[in-house]
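Please take a moment to look over the sequence and the model, and then follow the explanation below step by step.

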Amino acid sequence: QDARAVSSSAGEKEPCFVPVESLNGERVTNMRRLVQLVDGCKSEWLSIVLENFQTVVLSAAKARSATPSILEMHCIPCDRSSDLKDL
């Protein structure tokens with residue numbers, strides 16, 4: 001099964017790996033900053049601008065609630081590396 005089968009990713013196309021430029025208007029300079037912005041997001045939406053100028057908008061609540069099942073589906077033990085767990 002693939003991540004696109006999760007209802008929170010409905011309409012998503014083939015995955016591509018493009019660096020994130022910003023999240024909700026805040027510049028993302030590294031993975032630590034991205035985690036801080038996502039964890040601290042109080043908005044209803046996660047608006048992610050990619051380096052290729054595409055924008056991905058996700059419901060923050062749906063993304064958070066879907067995370068455990070997506071991780072389990074792909075046998076990923078946790079949502080972040082050990083160096084980012086202290087955030």
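The paragraphs below move from the overall layout to the sheet, then to a helix and finally to the cysteines and the surface.

It should be kept in mind throughout that this is a predicted model. The secondary structure of the protein chain comes to two helices and four strands, and when the chain is read along its sequence, these elements follow the pattern β-β-α-β-β-α.

A useful piece of background is that strands of a sheet pair through backbone hydrogen bonds, either parallel or antiparallel. In this model the four strands form an open sheet in the order 2-1-3-4, and the pairing is antiparallel. Strand 2 and strand 4, which covers residues 55–59, stand at the edges of the sheet with a single partner strand each, so one side of each is left without a neighbour in the sheet.

Strand 1, made of residues 20–23, is a good place to examine the pairing in detail. On one side, two bridges join strand 1 to strand 2, which consists of residues 26–27, and the two run antiparallel. These two strands form a hairpin with two residues between them, and N24, which lies in the turn, has a positive phi of about 50°. Strand 1 also pairs with strand 3, residues 45–50, in the antiparallel sense, this time over three bridges. Which residue of strand 3 is the bridge partner of V20? The partner is L50, while L23 stands opposite I48 in strand 3. L23 also stands opposite E26 in strand 2, and following this residue in the model therefore shows how strand 1 is joined to strand 2 and to strand 3.Helix 2, which spans residues 60–73, lies across strand 3 and strand 4, and runs at about 75° to strand 4.

The cysteines can be considered next. The structure holds zero disulfides. Is C75 buried or exposed? Its relative accessibility is 70%, and because exposed means over 50%, C75 counts as exposed. C78, with a relative accessibility of 30%, counts as partly exposed.

Finally, some totals describe the protein chain as a whole. Buried residues make up 22% of its 87 residues, and the accessible surface comes to about 6,400 Å², of which 56% belongs to carbon and sulfur atoms. Among contacts between residues at least 6 apart in sequence, 44% join residues at least 24 apart.

Definitions and conventions:
Residues are numbered from 1 along each chain as its sequence is written. This is a predicted model: local features need pLDDT of at least 70, side-chain atom pairs count only at pLDDT 80 or more; totals for chains, interfaces and linings use all residues. Side-chain values use heavy atoms; hydrogens and water are left out. Two strands pair if DSSP finds at least two bridges between them. Contact means heavy atoms within 4.5 Å. Axes are lines fitted to C-alpha atoms, for helices over the stretch in contact, and angles run from 0 to 180 degrees between N-to-C directions. A disulfide is a pair of cysteine sulfur atoms within 2.5 Å. Buried means under 20% relative accessible area, exposed over 50%, partly exposed in between (1.4 Å probe, protein chains only). Accessible areas come from the Shrake-Rupley method with a 1.4 Å probe; for residues, only the protein chains shown count as cover.
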